[in-house]
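Subject: Handing over the structure, with notes on what was found

Dear colleague,

I am passing on the structure below, and after it I set out what was found in it. Please read the notes with the sequence and the coordinates open beside them.

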Amino acid sequence: MALTSHKALEGKKADKVEIKRALLSVFDKTGVVDFAKALVEHKVEILSTGGTARKLKEAGVPVTMVNDYTGNPEILNGRVKTLNPHIHGGLLAVRGNELHEAELKREKIGLIDMVVCNLYPFEQTVAKGGDWNTCIENIDIGGPSMIRSAAKNSNYVTIVSSPSQYEELVATMKKNGGCTELAQRRRLARDAFTQTAKYDTAISKYMLSQDL
C-alpha cells in the first residue's frame, strides 16, 4: 500500500515575526548572556533551564524557569526538562491556524517564538575515551527535540543553534524592531537540521564501532 504524506497546514503568511518569548538552554554558554540582554532590550520574555538559567540570573537577566512555566518539575537528573506539551506545543503551533489556536487556548499553552540551544558534547566525550555509560549520558535528547520543533516551524519560529549566529540576529532584530525575517529563519532552520543530522551520525558511528 502506498504511503500518503501529510498535507501542508493552513496558516498565516509572515515575513517579519516579533520575538516575544524565547527559550534559552545551551551547553556552550559563549556569548549567551549578552545575547539574552539584547533580547530583553526588545522586551522578550526569557525561559530557561539549569545552568543556563543560573548564568543568566547571575548576570541580572530576568528569567522564568521552564519548570515554573510548564508546571512540571525537572526530573531524572535533568533527562526530562523541556519534553513537555507547553514547550513543543508553543513551538509547533501554526500561527493563524484555527484548530491550533483553539487547542492552544484550551490547553493554556503560550507561543514560543525563538529557541536558543546547542547540544551536549557527545563527540568530545567519545574523543576523550569515555566509557559506554558516560558517552550515553552525553547524548542530548531534549535539545535536538527542541531544535527540530523550532526548525520545522521556521515559518514563524527562529532557531538559534550556534553562538556564531547571535551577532546576525541582534542586528536583524535591531533593524526590524524586535522581529526576525522569514529568509533568515529558514536559513537558520537549514543549519539546525544539518547540525542535528551530524550529531545523530556521530552517535550512530560510535555505536557501530562498539563490540556489542
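Rings of Phe, Tyr and Trp, the last taken by its six-membered ring, are paired here if their centres lie within 6.5 Å, and a pair is called stacked when the planes are under 30 degrees apart and edge-to-face when they are over 60. Please keep in mind throughout that this is a predicted model.

Under that rule the count is 5 aromatic pairs. In one of them, Phe35 and Tyr166, the ring centres are 4.5 Å apart and the planes meet at 5°, so the pair is stacked. Since Phe35 belongs to helix H1 (residues 32-41) and Tyr166 to helix H9 (residues 166-175), the pair ties together parts that are 131 residues apart in sequence. Both Phe35 and Tyr166 are buried. A further pair, Phe122 and Tyr199, has its ring centres 6.5 Å apart and its planes at 65°, so it is edge-to-face. This pair also links distant parts of the chain, with Phe122 in helix H6 (residues 122-127) and Tyr199 in helix H10, 77 residues apart. Phe122 and Tyr199 are both buried, and ring pairs join them with Trp132 and Tyr206 into a cluster.

Turning to the nonpolar core, the largest one has 52 residues, among which Leu24, Leu39, Leu56, Met114 and Ile159 touch the most other members. The largest share of this core, 7 residues, is supplied by helix H10 (residues 182-209). For Leu24, the contacts beyond four places in sequence are Val32, Ala36, Leu39, Ile46, Leu47, Ser48, Thr49, Thr52, Leu56 and Val116.

Helix H8 (residues 142-152) deserves a separate look, because 8 of its 11 residues are buried and it is therefore largely enclosed by the rest of the structure. The buried residues of H8 are Gly142, Gly143, Pro144, Met146, Ile147, Ser149, Ala150 and Ala151. Around them, the packing partners are strand E2 (21-25), helix H4 (85-92), strand E5 (114-117), strand E6 (158-160) and H10.

As for internal space, the search gives 1 cavity of 30 Å³ or more, and the largest cavity holds about 60 Å³. Its lining is formed by Ser48, Thr49, Gly50, Met65, Val66, Asn67, Asn72, Pro73, Glu74 and Lys81, which divide by class into 3 nonpolar, 5 polar and 2 charged residues. Ser48 and Thr49 thus appear in this lining as well as among the contacts of Leu24.

Lastly, there are two backbone angles that you may wish to look at. Most residues other than glycine have a negative phi. Lys43, however, has a positive phi near 65°; this residue is in the loop between H1 and strand E3 (45-48) and is exposed, with a relative accessible area of 74%. Leu76 likewise is not a glycine and has a positive phi of about 55°. Leu76 is placed in the loop between helix H3 (66-70) and H4, and at 54% relative accessibility it counts as exposed, because the cut-off for that class is over 50%.

With best regards

Key
Residues numbered from 1 in each chain as written. Predicted model: local features only at pLDDT ≥ 70, side-chain atom pairs only at ≥ 80, totals over all residues. Heavy atoms only, no water. Core = buried A, V, L, I, M, F, W, Y, C linked by side-chain atoms within 4.5 Å. Buried < 20%, exposed > 50% of the residue type's maximum accessible area, 1.4 Å probe, protein only. Helix = DSSP H or I, 4+ residues; strand = E, 2+ residues; numbered from the N terminus. Contact = heavy atoms within 4.5 Å. 1 Å grid on protein atoms, 1.4 Å probe; cavity = no way out; pocket = protein on both sides within 12 Å on 5 of 7 lines; lining within 4 Å. Points joined across faces, edges and corners; volume = space filled by probe spheres on them. Nonpolar A, V, L, I, M, F, W, Y, C, P; charged D, E, K, R; others polar.
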